[in-house]
Amino acid sequence: MTAETAVALPALVLVLTASLWAVTIAGAQLRCVDAARAGARAAARGEAAEEVSRAVLRLAPEGASVSIRTGADTTRVEVIATVRPPFRSPLPPVRLRAAAVSATEPGVLAPSTADTGETRPPGRGEDLAPPRPGARE
């Protein structure tokens, strides 16, 4: 019985250590995803980049980095974090990455071109104008 316990106990400790490490990684990944989502929503609403970065870093795991790209159509926030085991072990650190994209609210950024978005085929003129309410076709 003692010999069996001596063989099984190290294996049990190894499995428990790997399981705790997997749970730690999963929790850190969820924090990265939540931070990226919250940052994308805030940046898409037009909040200042410094405020968004501070909010994301509060939600993300310690030592994370944030990348914010705001465009006329979409806003993308990416969070990258390296997670190390909280206990002394031979397990390697893991690099996590999460990104979130949100539609940029109207008026946050002016479109990059002066075009209003209306296009008309050449030579068709006013026949593409929408009908007036109550007018017969």
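## A walk through the model, from the blurry end to the sheet

Start by selecting residues 111-133: pLDDT (the predictor's confidence in each residue, from 0 to 100) stays under 50 there, and the model has six contacts for this stretch beyond four places in sequence, a contact being heavy atoms within 4.5 Å. Where pLDDT is low, the predicted coordinates should not be read in detail.

Some ground rules before moving on. This is a predicted model, in which local features need pLDDT of at least 70 and side-chain atom pairs count only at pLDDT 80 or more, while totals for chains, interfaces and linings use all residues. Residues are numbered from 1 along each chain as its sequence is written, and side-chain values use heavy atoms, with hydrogens and water left out.

Now colour the whole protein chain by confidence. Its mean pLDDT is 80, and 79% of its residues reach 70 or more. Helices (H or I, at least four residues) and strands (E, at least two) are DSSP runs, numbered from the N terminus. In the protein chain, confidence is lowest in helix 1, with a mean of 91, and highest in strand 3 (residues 94-103), at 96.

Next, pick helix 1 (residues 2-45) and stop at isoleucine 25. What does isoleucine 25 touch, leaving aside its neighbours within four places in sequence? You'll find Val94 and Leu96 in contact with isoleucine 25. Try a distance, too: from the C-alpha of isoleucine 25 to that of threonine 82, 57 residues apart along the chain, it is 9.8 Å.

Add helix 2 (residues 49-59). The two helices pack at about 160 degrees, with axes 8 Å apart; axes are lines fitted to C-alpha atoms, for helices over the stretch in contact, and angles run from 0 to 180 degrees between N-to-C directions. That makes helix 1 roughly antiparallel to helix 2 (angles under 35 degrees count as roughly parallel, over 145 as roughly antiparallel, 65 to 115 as roughly perpendicular and the rest as oblique). To see the contact, show Arg31, Asp34, Ala35, Ala38, Gly39, Ala42 and Ala43 of helix 1 with Val52, Val56, Arg58 and Leu59 of helix 2.

Then switch to the sheet. Three strands form an open sheet in the order 1-2-3, with antiparallel pairing; two strands pair if DSSP finds at least two bridges between them. Strand 1 (65-70) and strand 3 are at the edges, each with a single partner strand, so one side of each has no neighbour in the sheet. Neighbouring strands are turned by 10 degrees against each other on average, direction ignored.

Zoom in on the pairings. Strand 1 and strand 2 share six bridges, and a hairpin joins strand 1 to strand 2 through three residues. Select threonine 70: its bridge partner in strand 2 is threonine 75. On the other pairing, strand 2 (residues 74-83) and strand 3 run antiparallel over 10 bridges. Threonine 82, the far end of your earlier distance, has arginine 95 in strand 3 as bridge partner.

Finally, bring helix 1 back: it packs on the sheet, touching strand 1, strand 2 and strand 3, and its direction makes about 25 degrees with that of strand 3. Helix 2 also packs on the sheet, touching strand 1 and strand 2, at about 140 degrees to the direction of strand 1.
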